[in-house]
Amino acid sequence: MKSYKPMNAKAQKIQVERIIEDCRVIAQEHIKNWRPTDPKWDVVEGCAYLRLSTDHQVAVEKGSLEQQIYIAINEAENRSNADKINYRIRYFFIEPGLTGRNDDRPEFNAMRVSIKKQTYKFVIFKEIARIARDATIWKDFFKLCIQSECEVIIRGLPINPNDPTSLLQLDILAAFAEYESNQISKRTRESNFSAITTSGKFNSTHQVLGLDQQVVNGEPRVVFYPESEFRKSLRRGVSRAGSMFAK
């Protein structure tokens with residue numbers, strides 16, 4: 001059976017670039033082949049913004065990035081039918097492998113400049129987390145869109161981001177987003193720690209500093225501890241090592 005070898009940084013970068021190019025092709029095909037829902041209706045032109053947080057996410061979740069394209073297209077069609085106006089996406093801003101914890105993102109900044117120039121009358125996101133996980137960035141972006149008369153369209157958002165009075169509710173959403181972000185970080189740390197303690201690399205015949213072992217089915221196995229208990233285990237390992245050297 002062929003063993004899996006993780007990609008090195010260079011190979012991952014090449015794959016990410018290929019995936020982004022594939023997504024751009026899909027986006028351009030839609031832009032090129034767009035047809036109005038009803039030729040008798042007016043047309044408004046806008047954009048869509050897509051983002052994944054890391055290059056690794058882009059490499060292993062290509063479908064998620066493509067899905068954001070199709071969600072944006074579907075939202076534009078739904079809004080067209082609901083408002084009797086043809087919503088036409090003229091550009092897809094595709095942001096690969098950049099966190100939403102800050103706004104130092106090339107595509108995001110380019111989009112903001114275009115909106116400030118009133119190039120687009122609407123912008124579509126899959127979810128609010130695609131904009132950012134920082135409430136300050138949300139508020140600033142929504143205010144910019146209101147001032148520039150650019151409608152923000154986010155599937156399932158419980159407030160209207162185009163209404164200045166609704167921005168007061170963003171503090172509540174921000175609390176939930178921060179909680180979600182912290183939970184994701186916590187789950188990631190726990191998953192990584194679990195992978196370490198259950199891998200064959202550490203379940204060998206010798207003890208590993210900070211990872212206590214016990215006999216399971218006749219074989220020495222690492223005992224899994226929650227992250228807080230790991231520190232205690234590490235101190236015990238250091239203490240044992242110190243005692244050995246002292247002898």
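I'll start with the core of this predicted model. The largest nonpolar core has 24 residues. Met111, Val123, Phe125, Ile131 and Phe141 are the ones with the most contacts inside it. Five elements each give two or more residues to this core: strand 1, at 43-51; helix 4, at 106-116; strand 3, at 122-125; helix 5, at 135-147; and strand 4, at 151-154. Helix 5 supplies the largest share, seven residues. There is also a second, separate core, with 22 residues, among them Ala27, Ile31, Leu50 and Ile124. As general background, nonpolar side chains tend to be buried together in soluble globular proteins.

Take one residue from the first core, Ile131. What is Ile131 in contact with, leaving aside its neighbours within four places in sequence? The list is Arg105, Phe108, Phe125, Trp138, Phe141, Phe142 and Ile154. Two of those names come back in a moment: Arg105 lies over the face of Phe108, 4.3 Å from the ring centre.

Next, helix 5 itself. Helix 5 has 13 residues, and from its first C-alpha to its last it reaches 18 Å, close to the 18 Å expected at 1.5 Å a residue. Which residues of helix 5 are buried? They are Ala135, Ile137, Trp138, Phe141, Phe142, Leu144 and Cys145. It helps to recall that an α-helix has 3.6 residues a turn, so residues three or four places apart point the same way. Just after helix 5 comes Glu149, with a positive phi of about 55°.

After that we reach strand 4, where Ile153 lies. Ile153 counts as buried because its relative accessible area is 1%, and the cut-off for buried is under 20%. Ile153 and Val123 are 30 residues apart in sequence, yet their C-alpha atoms are 6.1 Å apart in space. Not counting residues up to four places away in sequence, Ile153 touches Glu75, Arg79, Tyr87, Phe122, Val123, Ile124 and Phe125.

Now the aromatic rings. How many aromatic pairs does a search of the whole structure find? It finds eight. A pair of rings is described by the distance of the centres and the angle of the planes. For Tyr91 and Phe93, those values are 4.6 Å centre to centre and 65° between the planes, and the pair is edge-to-face. The two partners differ in accessibility: Tyr91, at 31% relative accessibility, is partly exposed, whereas Phe93, at 4%, is buried.

Phe93 has another partner, Tyr120. That pair is also edge-to-face, with 6.2 Å between the centres and 85° between the planes. Phe93 sits in strand 2, residues 86-95, and Tyr120 in the loop between helix 4 and strand 3, so the pair ties together parts that are 27 residues apart in sequence. Phe93 and Tyr120 are both buried. Elsewhere, ring pairs link Tyr49, Phe108, Phe125, Phe141 and Phe142 into a cluster.

On to the cysteines. A disulfide is a covalent bond between the sulfur atoms of two cysteines. The search of the whole structure finds zero disulfides. Why is Cys47 in no disulfide? The nearest cysteine sulfur, that of Cys150, is 5.9 Å away, and a disulfide needs the sulfur atoms within 2.5 Å, so the pair does not qualify. Cys47 is buried, with a relative accessible area of 0%. Cys23 is buried as well, and its relative accessible area is 0%.

Cys23 leads to Glu66, in helix 3, residues 62-83. Is Glu66 buried or exposed? Glu66 counts as buried, because its relative accessibility is 19% and the cut-off is under 20%. Not counting residues up to four places away in sequence, Glu66 touches Cys23 and Ile26.

Last, two loop residues and their backbone angles. Most residues other than glycine have a negative phi. Lys84 is not a glycine, but its phi is positive, about 60°. Lys84 is found in the loop between helix 3 and strand 2. Gln118, also not a glycine, has a positive phi of about 60°. Gln118 is in the loop between helix 4 and strand 3, and it is partly exposed, with a relative accessible area of 42%.

How values were computed. Residues numbered from 1 in each chain as written. Predicted model: local features only at pLDDT ≥ 70, side-chain atom pairs only at ≥ 80, totals over all residues. Heavy atoms only, no water. Core = buried A, V, L, I, M, F, W, Y, C linked by side-chain atoms within 4.5 Å. Buried < 20%, exposed > 50% of the residue type's maximum accessible area, 1.4 Å probe, protein only. Helix = DSSP H or I, 4+ residues; strand = E, 2+ residues; numbered from the N terminus. Contact = heavy atoms within 4.5 Å. Phe/Tyr/Trp six-rings, centres within 6.5 Å; stacked < 30°, edge-to-face > 60°. Lys NZ or Arg CZ within 6 Å of the ring centre and 35° of its normal. Expected span 1.5 Å × (residues − 1).
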